[in-house]
Amino acid sequence: TLVNRVVSHLVQAIRGKDSFFSSIERYSAGSYYERVKISEPNEFDIMLVMPVARIQLDQSDDTGAYYYVSFKRSPKEKGWLKFLEEDGKLSAFKMLEALREIIKQEVKNIKDVEVTVARKKAGSPAITLQIKNPPSEISVDIILTLEAQQSWPLSTQGGLKIEQWLGTKVRRDLRFRSLYLVAKQNKREKVLRGNTWRLSFSHIEKHMIHNHGNSKTCCESDGPKCCRKGCLKLLKYLLEQLKMKYPKELEKFCSYHVKTAFLHSCVTWPNDSDWHLGYLDHCFQQCLRFFVDCLQKSQLTHFFIPQYNLFSLEDKARHHFLSRKISHELNNGFPVFHE
């Protein structure tokens with residue numbers, strides 16, 4: 001309720017402050033909204049989505065995930081022009097800065113709750129709000145997102161291999177959905193200009209996690225229940241606990257890594273009968289073994305962009321560290337859960 005109140009206030013203010021941002025819409029992503037949060041809900045992801053028409057995407061590296069965005073024709077809304085670089089590329093950095101400034105001014109006008117804007121984290125696409133909520137604090141990541149009604153780039157063609165799990169028709173329908181791009185610095189760029197955008201599929205992930213059954217009745221009120229969501233919760237929780245224990249060694253790992261491993265597991269074991277509610281223990285361990293295998297090979301393929309390895313090869317030592325810690329948990333009945 002608190003988060004909704006703060007975010008609604010900000011969205012209204014952003015729309016009113018600058019006519020350029022008047023078409024912005026909020027979209028709630030992340031584990032809380034996928035109903036897979038285990039611990040206290042103290043972190044939220046909110047995407048602020050801006051529709052954008054007739055854009056051209058040029059890959060900025062070989063991952064197939066990062067792009068430069070430019071307009072095919074001069075945009076009708078002239079407000080876009082102030083965010084273009086000399087070469088016509090749309091600057092994620094400039095747009096984020098403009099949005100951050102409005103938010104920084106506006107949080108001062110929010111009554112009866114203390115909201116501050118956290119300092120910028122290098123390379124993070126988010127504007128982070130801290131909301132005082134005694135005895136703790138809630139953090140809300142606001143992520144600037146472009147929404148384009150156009151076909152997905154070539155790099156996604158072989159991804160989303162859900163034919164056996166959710167069906168060919170669902171795959172086709174999902175690929176007809178809008179394309180999302182988030183303002184995200186590509187660290188591989190020779191000169192860091194802050195004008196790259198990264199593909200985002202959080203709206204598709206949220207849909208798949210809500211509609212996760214091979215049969216259409218899985219987990220519906222009168223349908224058979226499965227343990228898929230329970231599995232994902234445990235995977236995220238285990239990583240969270242290990243990260244708290246080894247913050248320095250595991251800082252590069254995030255819940256998106258286990259979510260990706262989980263989605264691959266859903267494809268490997270596509271049938272609802274593989275995920276019977278009573279099999280939670282078995283399924284959780286099966287997913288974990290798959291993830292450990294990815295860590296040992298330093299290879300975790302992006303679910304939507306098959307050429308993109310989410311594990312960087314220079315982090316091999318970190319991968320092996322985490323794989324050892326998880327194997328220890330697996331073989332000893334998860335001591336970290338009882339600490």
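# Helix crossings, cysteines and loops

C219 sits in the loop between α4 and α5. Helices (H or I, at least four residues) and strands (E, at least two) are DSSP runs, numbered from the N terminus. This is a predicted model, in which local features need pLDDT of at least 70 and side-chain atom pairs count only at pLDDT 80 or more, while totals for chains, interfaces and linings use all residues. Residues are numbered from 1 along each chain as its sequence is written, and side-chain values use heavy atoms, with hydrogens and water left out.

**Exercise 1. Find the phi of C219, then state its exposure.**

Step 1. Begin with the general rule: most residues other than glycine have a negative phi.
Step 2. Look at the angle. C219 is not a glycine, yet its phi is positive, about 65 degrees.
Step 3. Check accessibility. Buried means under 20% relative accessible area, exposed over 50%, partly exposed in between (1.4 Å probe, protein chains only). C219 has 29%, so it counts as partly exposed.

**Exercise 2. Do the same for R54.**

Step 1. Place it. R54 lies in the loop between β2 (43-51) and β3 (55-59).
Step 2. Read phi. The value is positive, near 45 degrees, and R54 is a residue other than glycine.
Step 3. Classify. R54 has 36% relative accessibility, so it is partly exposed.

**Exercise 3. At what angle do α4 and α6 cross, and which residues make the contact?**

Step 1. Set the rule. Axes are lines fitted to C-alpha atoms, for helices over the stretch in contact, and angles run from 0 to 180 degrees between N-to-C directions.
Step 2. Take the values. The axes of α4 (residues 202-210) and α6 (residues 255-268) come within 12 Å and cross at roughly 55 degrees.
Step 3. Name the arrangement. Angles under 35 degrees count as roughly parallel, over 145 as roughly antiparallel, 65 to 115 as roughly perpendicular and the rest as oblique. So α4 and α6 are oblique to each other.
Step 4. Give the hand. A crossing is left-handed if the near helix is turned anticlockwise from the far one by less than a right angle, and right-handed if clockwise. Here the crossing is left-handed.
Step 5. List the contact (heavy atoms within 4.5 Å). α4 supplies E205, M208 and I209; α6 supplies Y256, K259 and L263.

**Exercise 4. Describe how α5 meets α7.**

Step 1. Take the values. The axes of α5 (residues 228-245) and α7 (residues 280-297) come within 9 Å and cross at roughly 55 degrees.
Step 2. Classify. The pair is therefore oblique, and the crossing is right-handed.
Step 3. List the residues. G230, C231, L234, L235 and L238 of α5 meet L280, C283, F284, C287 and L288 of α7.

**Exercise 5. How many disulfides does the structure hold?**

Step 1. Apply the cut-off. A disulfide is a pair of cysteine sulfur atoms within 2.5 Å.
Step 2. Count. The structure has zero disulfides.
Step 3. Test C283. The nearest cysteine sulfur, that of C227, is 3.7 Å away, and C283 is in no disulfide. C283 is buried because its relative accessibility is 0%.
Step 4. Test C294. Its sulfur is 11 Å from the closest cysteine sulfur, in C287, too far for a bond. C294 is buried too, at 7%.

**Exercise 6. Is L166 buried or exposed, and what does it touch?**

Step 1. Place it. L166 lies in the loop between β7 (136-148) and α3 (168-175).
Step 2. Classify. At 6% relative accessibility, L166 is buried.
Step 3. List partners. Not counting residues up to four places away in sequence, L166 touches M208, N211, H212, G213 and K216.
Step 4. Compare chain and space. L166 and M208 are 42 residues apart along the chain, with C-alpha atoms separated by 8.5 Å.
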